[in-house]
Amino acid sequence: MKSREAAVTRLLPRPLHAALTTILLLIVLGPIVYVFLASTNTDLSVAAGDFWPKHVSFVNYHRIWSTVELGKGLTNSVIVSGTVAVASAVVAVGSAYVLVRHRFRGRLTILRGLVGLQSVPGTLLLLPVFVLFATLANTLGITIIGTRWALFVTYLSFALPFSTWVMVTYLRGLPAEVSEAARVDGASEWQILTRIVMPLSWPGLVVSAIFAFLLGWNDVLFASVITNVDTRTAAVALQVFGATQEGGAIPVYGQMMAAALVCALPVVILYLVFQRYLISGLTAGGGK
Amino acid sequence: MLAPGGVLTLLVVVLPFLVAVYISFLDLDQYTFRRWVHAPFTGIDNYVDAWRHSDLLHAVWVSGSAAVIATVVALPVGMAAALTTHNRFPGRAAVRSIYLIPYVLPAFVVGTVWRIILAPDGVANNLLHRLGLDTSGANGLWLNGPRSYWALIAVQIWASWPLIYLLVLAGLQSIDHSLHEAAALDGAGWWTKLRSIVVPHLRGPVALGLLITVLHIFNSFTLPFVLFGVPSPHDVEVLPVLTYVESFQNFRFGLSAAMAVVSLLLILIPLLVYLRAVRLDVGEDDR
C-alpha cells in the first residue's frame, strides 16, 4: 500500500531525482565545506586557490579572538539582538491580539502597513534615524549614537512590523472561544492576554522572537553607522578582518573564514533547533 | 495594547520617513548638517541633480536588472529543489534542512565567504581552470570590472533560491491527492503530470516567490556592500550602496535622501501588487 502510494504521488523519475538532488547538494555544500577547509588552512594556501588545506590546523580559531575584538562584537550582538527579540515578541503579541480579536476602523490599514513596512529599504531610514539621534542627543546633552540603546531602538522598530505580522498569522489559528469564555468569566483583557493567549501561542512567540533576533544579528547597514569601536556588533567586527593584514600583503583569509563560521553558528543552531516553527514564519508573508 | 507597538513604529519608522522626504528637499551637507532644520530649502534641486549629474540611473539599472536576472534563474533551481523533496525518501529531512542553509546564513557571512572564493587567484578561478575553462579574460577578476556584475548575480542566486523552494514546496503539498490518483489512472508520464497538473497549481506560490525575491534583491545592501566593499566597482554600484555612499562617504545628504525616496517610489508598484496578493484578513466566516 505504501509503495503504491509513493508511486502515485511521485513527481520525478528516480535517476533524474538522484541527479538533481546531487547537483543541488553540491551547489549548497560545496562553498560551505570549502569555508570550513579554508578556516583550517594557511593564508598563503587559501590565496593560491587550494581547495584542500596543505596542513590542517585550528590555530585560526584561537587567533580570531585577538586579531579583532570579535568576542566583544559577539557579546554586543547577543545583548542587543537578544533584548530586541524578547521585547519585540512581547510587544508584538499585544498588538497582534488586538488586531485579530477586535474590529475597528483603520485595522486593515494597519495590517497592510505591517506587511508593507517589511519592504521599505533600510537605506531610506538610515540617514533620518542618524539625523534624529544626533539632534536628540544635542538637545538633551546626552550620547545616543554609539550606544547599544541606539541600536536597540532601531532594531526593535524594524522588527516589530514583522514580529506582529507573524503573531497575527499565528493568533488567527487559535480558537476565539477560549478567550470569549474567559471574558464571560469576568477576566480582564490584560488577564486574557497574559494568562490565556500568551501560554497558548508560545510557538508563535518563539518564531517572532527569532526573526527579531536575526534582524539585529544580520544587520550591517545601521550597525556600521551608529556604533563605535566599543559597541560594534559581530557583523561589523567581521568586516574589520577584511582590512587586517599580518606581516605581508595577504589578508588573513583563514581567520576571516573561521570568524565567518563563528558568526554564522548561532544563526544556524537557532534554525536547526526551531526549524519546524520557523518555516511557517518564513512563508508567513506568502501564506495565501 | 496596540499602543506600545504603534507608538514605537510611529517614532522610529514614520517620523524618519517624513524626515527623509524633508531632507531630500534641502541643500544638506557636512557644513549645514549640525543645524539641519535651518539648511537652505532648495525644492526639487536634489532630484534634478540625481537625475542629471549622479549615477542614480545607472544604479537603478544595475539593481533592477540584477534582481530580475537572478530571480529568473533562481526560479527553476527552487522548483527543482521542491520537486526533489516532495516525495519521501531516506534522508529527506536532512536534504530539506541543507537546502535552506544559503537562505539562513547572514548576508554578511555569505558576502565575506564569496569574497574570498572569488578572489583573483582564489578557489573559484582555480576550479574553473582545472575544468579547462579559460579564466584569464578580464584579468581573472570577479570582484572588479565587467565580470563583477555576473558575480553579484551568481551570489544573489545562491543566496535566494531557497525562498522560492519553500513557497513552491508548500504549493506542491497542497495539491489535492485525488489529482495524483487521477493522473496515475490515466497513466500520465511524469513530464505530462508536471506540465498539466503540477505547474498550473503552482502559479500562485511562484508569482509570490518571484515578487518577494525581486524586491529582496533590489533592496539588498549588505551582500553587495560586503562582497565588493566601498567604494564599489562601477559595474556593481547598486542603488542601496550608492545611497549609502552619497550620505556617509561623500556627505551629500540631500542628494542621498532624494535617491532613497526614488528607491521607495520604484518598489512601490511591485509592493502594492504584493500587498493585494497577501491574505490580510480571516474574513468573517471564522468569527
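1. Interface of chains A and B. In this predicted model, chain A and chain B together bury about 8500 Å², and 76% of that area lies on carbon and sulfur atoms. The contact draws on 97 residues of chain A and 94 residues of chain B.

2. Polar and charged features of that interface. Between chain A and chain B the count of salt bridges is 0. Polar contacts do occur across the interface, in 8 residue pairs with both members at pLDDT 80 or more. On the side of chain A that touches chain B, the residues divide by class into 64 nonpolar, 21 polar and 12 charged. Thus 12 charged residues of chain A belong to the contact side, while the salt-bridge count between the two chains is 0.

3. Domains of chain B. The domain assignment divides chain B into domain 1, residues 24-53, and domain 2, residues 61-254. The C-alpha centres of these two domains of chain B are 37 Å apart. Their contact involves 8 residues from domain 1 of chain B and 4 residues from domain 2 of chain B.

4. Contact between the domains of chain B. Domain 1 and domain 2 of chain B bury about 470 Å² between them, with 57% of it on carbon and sulfur atoms. The salt-bridge count for this pair of domains in chain B is 0. The count of residue pairs in polar contact, both at pLDDT 80 or more, is likewise 0 between domain 1 and domain 2 of chain B. The side of domain 1 of chain B that touches domain 2 of chain B has 3 nonpolar, 3 polar and 2 charged residues.

5. Ser148(B). This residue belongs to helix H8 of chain B, which covers residues 147-173. Ser148(B) has a relative accessible area of 0% and is therefore classed as buried. Leaving aside residues up to four places away in sequence, Ser148(B) touches Trp142(B), Leu143(B), Phe228(B), Pro233(B), Asp235(B) and Val236(B).

6. Salt bridges and the Asp50(A) pair. Over all chains the rule gives 5 salt bridges. One of them joins Asp50(A) to Lys54(A), with the closest N and O atoms 2.8 Å apart. The two partners fall into separate exposure classes: Asp50(A) is buried because its relative accessible area, 17%, is under 20%, whereas Lys54(A), at 59% relative accessibility, is exposed because that value is over 50%.

7. Lys72(A) and its partners. Glu69(A) forms a salt bridge with Lys72(A), the closest N and O atoms being separated by 3.4 Å. Lys72(A) also forms a salt bridge with Asp230(A), at 3.0 Å between the closest N and O atoms. The latter pair links distant parts of the chain, 158 residues apart: Lys72(A) lies in helix H5 of chain A (residues 70-101), and Asp230(A) in the loop between helix H12 (223-226) and helix H13 (234-242) of chain A. Through shared partners, the salt bridges join Glu69(A), Lys72(A) and Asp230(A) into one network.

8. Exposure within the network. Glu69(A) is partly exposed, with a relative accessible area of 42%. Lys72(A) counts as partly exposed at 30% relative accessibility, and Asp230(A) counts as partly exposed at 48%.

Terms used:
Residues numbered from 1 in each chain as written. Chains lettered and ligands numbered in written order. Predicted model: local features only at pLDDT ≥ 70, side-chain atom pairs only at ≥ 80, totals over all residues. Heavy atoms only, no water. Contact = heavy atoms within 4.5 Å. Buried area = accessible area lost by both parts, 1.4 Å probe. Salt bridge = Lys/Arg side-chain N within 4 Å of Asp/Glu carboxyl O. Polar contact = N/O pair within 3.5 Å; in protein donor to acceptor, adjacent residues only side chain to side chain. Nonpolar A, V, L, I, M, F, W, Y, C, P; charged D, E, K, R; others polar. Domains from an automatic or database assignment. Helix = DSSP H or I, 4+ residues; strand = E, 2+ residues; numbered from the N terminus. Buried < 20%, exposed > 50% of the residue type's maximum accessible area, 1.4 Å probe, protein only.
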